Amino acid sequence: MEKAFLQNIVEQNKMTSHYSFDRISNENASLRLNRQAASIGFIYRHIGETMNMFTGFFGCKTGVQNTTMGYSDTGQGKNVDESRQLVAQGYELLAQIIETTPPEDWLGMIDTPFFGKVTRVRLFAHILFHNSHHCGQISLTLSKGEVPSPDQTGKSG
């Protein structure tokens with residue numbers, strides 16, 4: 001797999017995602033599409049966490065702990081700056097993976113608990129598709145979302 005090819009795919013993902021990411025702020029992080037949906041902040045943190053955690057299958061050690069995958073939104077995404085750092089770190093790790101993976105290894109298999117055995121390039125692509133999927137959710141929530149009142153969320157305070 002040619003490095004320039006993968007670098008271009010990552011750069012396109014960053015460019016496309018920035019339209020959502022750059023609009024996220026502490027002021028709109030609590031917006032949700034409805035009371036059952038995750039907030040913008042939670043989704044953003046989830047993107048950052050999964051980018052970092054999935055790079056572990058490529059041998060990267062990040063120390064990032066999962067607080068979103070398989071969990072409900074209980075306010076994990078309130079710190080937008082922290083999530084922004086997680087996403088930036090994730091993109092840096094993807095760049096490192098491109099630089100350090102020999103071309104012949106991209107079609108080598110990785111065993112994952114989610115998909116079973118897949119090629120490295122498929123798992124790499126999944127990380128980027130996952131980002132895009134959640135960026136769409138963030139964009140929709142930015143345009144249509146609201147902050148549910150405490151009586152709508154079933155939570156007090």
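Let us start at Tyr91, which is buried, with a relative accessible area of 8%. The cut-off for that label is a relative accessible area under 20%, so a value of 8% places Tyr91 in the buried class. In this predicted model, Tyr91 sits in helix α3, the element that covers residues 80–100. If you look around its side chain and set aside the neighbours within four places in sequence, you will find Tyr91 in contact with Val10, Asn13, Lys14, Ser17, Phe21, Met51 and Asn131. One of these partners, Met51, is 40 residues away from Tyr91 in sequence, while the C-alpha atoms of the two are 7.7 Å apart in space.

From here it helps to step over to helix α1, which spans residues 3–21. Leu6 belongs to this helix, and Leu6 counts as buried because its relative accessibility is 2%. Measuring in the model from C-alpha to C-alpha, you get 8.8 Å between Leu6 and Ala95, although 89 residues of sequence separate the pair.

Further along, Ser20 is also part of helix α1. With a relative accessibility of 2%, Ser20 is classed as buried too. Its contacts beyond four places in sequence are with Cys135, Ile138, Ser139 and Leu142.

Not every residue of this helix is hidden from solvent-sized probes, and Met15 makes a good example. Met15 lies in helix α1, yet its relative accessibility is 41%, so Met15 counts as partly exposed. That class takes in what falls between the buried limit of 20% and the exposed limit of 50%. Between the C-alpha atoms of Met15 and Phe129 there are 13 Å, for a pair that is 114 residues apart along the chain.

For an exposed residue, turn to Glu104, in the loop that links α3 to strand β1 (109–112). Its relative accessible area is 61%, which is why Glu104 is called exposed. Glu104 and Glu2 are 102 residues apart in sequence, and their C-alpha atoms are 9.7 Å apart in space.

Now let us zoom out to the whole chain. The protein has five helices and two strands, and reading from the N terminus gives the order α-α-α-β-β-α-α. Of the contacts with a separation of 6 or more, 70% are between residues 24 or more positions apart. Buried residues account for 41% of the 157 residues.

What about overall dimensions? A compact globule of 157 residues would have a radius of gyration near 15 Å, and the 17 Å of this protein agrees with that. Along the principal axes, the C-alpha atoms fill a box of roughly 55 × 30 × 20 Å.

The surface and the charges complete the overview. The accessible surface is about 8,700 Å², and carbon and sulfur atoms contribute 53% of that area. There are 14 positive and 15 negative charges, and the mean positions of these two groups lie 6 Å apart.

Finally, how far can you trust the coordinates? The mean pLDDT of the protein is 93, and 94% of the residues reach 70 or more. Residues 153–157 are where some care is needed: pLDDT stays under 50 there, and the model shows six contacts beyond four places in sequence for this stretch. Where pLDDT is low, predicted coordinates should not be read in detail.

Definitions and conventions:
Residues numbered from 1 in each chain as written. Predicted model: local features only at pLDDT ≥ 70, side-chain atom pairs only at ≥ 80, totals over all residues. Heavy atoms only, no water. pLDDT = per-residue confidence, 0-100. Contact = heavy atoms within 4.5 Å. Helix = DSSP H or I, 4+ residues; strand = E, 2+ residues; numbered from the N terminus. Rg over C-alpha atoms; globule rule 2.2 N^0.38 Å. Buried < 20%, exposed > 50% of the residue type's maximum accessible area, 1.4 Å probe, protein only. Areas by Shrake-Rupley, 256 points an atom, 1.4 Å probe, with all protein chains shown as cover. Lys, Arg positive; Asp, Glu negative; His and termini not counted. Charge placed at Lys NZ, Arg CZ, Asp CG, Glu CD.
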